[in-house]
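Reader: I'd like to go through this structure with you and ask why things get the labels they do. Could you put it up?

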Amino acid sequence: MAAHPWLLPAEIDLVKASAKGDTDAFNQLVLSYQQLVYNVAYRMLSNSEDAADATQDTFISAFRKIDSFRGGSFKAWLLKIVANSCYDRLRSRKRRPALSLEAAMDSEEAPIDPPDPTIGPEAIALKREFLELVQRGLDTLQGEQRLVVILSDVQGFSYDEIAEITGANLGTVKSRLSRGRADLRDFLKQSELTPSRFRLNK
Amino acid sequence: MSGSSDITQDGKCSAVEDLLSPYLDGVVTPAEKALVEEHAAACPRCAEELDSLRFTVGILQKLPNVEVPRAFTLQAPARQQTTLFNFFRNASATLVAVLLVLFGGSLYLRSTVPQAMPASYSRTLPAEEPETLSQSGAAGPQRLESQGTPAVKAAAQAPTGVAEAPKKVEPQRALAPQSDAREQAPMAAAATAPAAVDGVPATAQPPATAAAPRAAAKPSPQAATGAERAPVVPAEPPPAPSSPSQGSTPRLKGGSAEGTVGADTAAKAEFAQAPQAARQGEVTREQDARSVETRVTQATEPRWPLLEAEIGVGVLLALCAGATLILWARRKYF
């Protein structure tokens, strides 16, 4: 679980310069946050192309709107933009029923960090398959629940941080997270890939 | 626990079920925490719920970080805007410089306009001719008109030698003698080459400096007549209709007839009479000069040169400056 420092002093100058139209300064912010933004988008959309588009849109929009950034957490402000971008894409996906979830998902799990050297290739392959399963499971969740689960468990944000990003109150965050985790757990239970002790059919 | 407590268990289970997730995150009250732990110890179903939930969260936390497929730094849109903005900004600056140069040119040309406006000058001349020419006793207006342009040009050059006579007046005075002088020029040239050369302007000038514009009209052959009339002319500066007719005929005739002879003597006579006539004519001349001057200034009202060019550049500048402003605003407040 990664810790996310909320407001870096060095960022303030970059944000100020960006507000004046300094693209070089803004690009430094881009390089700092693009991994985070892309990952959130990827986990939300289950598709690397869509995630790349959403990420690019997010940074373009952020640069345009950076005048309106009134302080607070730049990270939270940025993530709110990508969240809205992902919601829009999910809504437009629903409007195209021909596109199944399977088609929307990547055929393979996106490239990940160097695989664990301690386990054998079979285990790696199994692991990869399992990770794909988890992503498919995320795809079954409602948009708001999916976002909260990703922010909390995949990215390690606290309830307060999630509340700031989503603009919802703590109670809403709690219930969405609880529901999202439970639904994902139920999905995983149905698969053989899930460890037997958690499976429905033991 | 007995079966009767199943209902309570179910009730508890649902209550605990909602607390499981916050419990895992440690965001429950101590009371809630105790409740969950107690119940989980007693209820296998809820214990299993808690366990599987914990596993799910664990799996999510182990989801690997996905590498970015490329850098998402901004380039094209901003640069494009900057290039366009730069273009219009530079264009505006250049046009400002051009406008200033044109303005400077306008001022310079304006100050030299009076000498450079023969077209309008000759246009106004026929209108003034009857008056001035009658004064100067010049030949028929037709003759003068036909020779107007070259005469004016020569006239423009003629006054340079004369110190007193105002430039604008001179040409008029010189006009008549010039036209006549042209006639006599070949003859005069035959008589005295250098004298004729100098004589042409000289003829023009002494008569010009002579008493009245009328006198100036008389060429060398008419010198005698002119001298005679010189005293008369100052007395009556206003144009007298009779004089032109008087002057024209004899002069014409005299010009052709006495051309050869007259040239020499005329020149001498003229020079002799010049100071006299000059003194006499000075007053009248000045009066006429002023009136002529005003007429001339009115006639050659100098335009503002390069005005069309300045307007064109100004419009272009307004457009470029407007484009620059719009692009600047877009950049800043997108």
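Reader: How many helices and how many strands are there in chain A?

Author: Chain A has nine helices and zero strands. Helices here are DSSP runs of H or I with at least four residues, strands are runs of E with at least two, and both are numbered from the N terminus. One thing up front: this is a predicted model, where local features need pLDDT of at least 70, side-chain atom pairs count only at pLDDT 80 or more, and totals for chains, interfaces and linings use all residues. Residues are numbered from 1 along each chain as its sequence is written, chains are lettered from A and ligands numbered from 1 in the order in which they are written, and side-chain values use heavy atoms, with hydrogens and water left out.

Reader: And what is the secondary structure of chain B?

Author: Chain B comes to 14 helices and zero strands.

Reader: Why is A:Arg181 called buried?

Author: Buried means under 20% relative accessible area, exposed means over 50%, and partly exposed is in between (1.4 Å probe, protein chains only). A:Arg181 has 0% relative accessibility, so it counts as buried. This residue is in helix α9 of chain A.

Reader: Then what makes A:Arg91 partly exposed?

Author: Its value is 46%, so A:Arg91 counts as partly exposed. You'll find A:Arg91 in helix α4 (residues 74-94) of chain A. Its C-alpha atom is separated by 9.1 Å from that of A:Gly143, and the two residues are 52 apart along the chain.

Reader: Back to A:Arg181: which residues is it in contact with?

Author: Contact means heavy atoms within 4.5 Å. Leaving aside neighbours within four places in sequence, the partners of A:Arg181 include A:Asp153 and A:Tyr159 in chain A, plus B:Asp25 and B:Leu53 in chain B.

Reader: How do you know that B:Asp25 forms a salt bridge with A:Arg181?

Author: The rule asks for a side-chain nitrogen of Lys or Arg within 4 Å of a carboxyl oxygen of Asp or Glu. For B:Asp25 and A:Arg181, the closest N and O atoms are 2.9 Å apart, and the pair forms a salt bridge. Across the interface of chain A and chain B, the rule finds three salt bridges.

Reader: Which elements give two or more residues to the side of chain A that touches chain B?

Author: Those are α2 (23-45), α3 (48-65), α6 (121-139), α7 (143-154) and α9 (170-189) of chain A. The largest share, 11 residues, comes from α2(A).

Reader: How much area do chain A and chain B bury between them?

Author: About 3900 Å², with 62% of it on carbon and sulfur atoms. Buried area is the accessible area (1.4 Å probe) that two parts lose on being put together, summed over both. On the chain A side, A:Arg181, A:Arg185 and A:Phe198 supply 16% of the area that chain A buries against chain B, more than any other three residues. The contact takes 46 residues from chain A and 32 residues from chain B.

Reader: What is the mean pLDDT of chain B?

Author: The mean is 64, and 38% of the residues of chain B reach 70 or more. pLDDT is the predictor's confidence in each residue, from 0 to 100. Over residues 120-263 of chain B the pLDDT is below 50, although this stretch has 234 contacts in the model beyond near neighbours in sequence. The model scores ipTM 0.86 and pTM 0.52.
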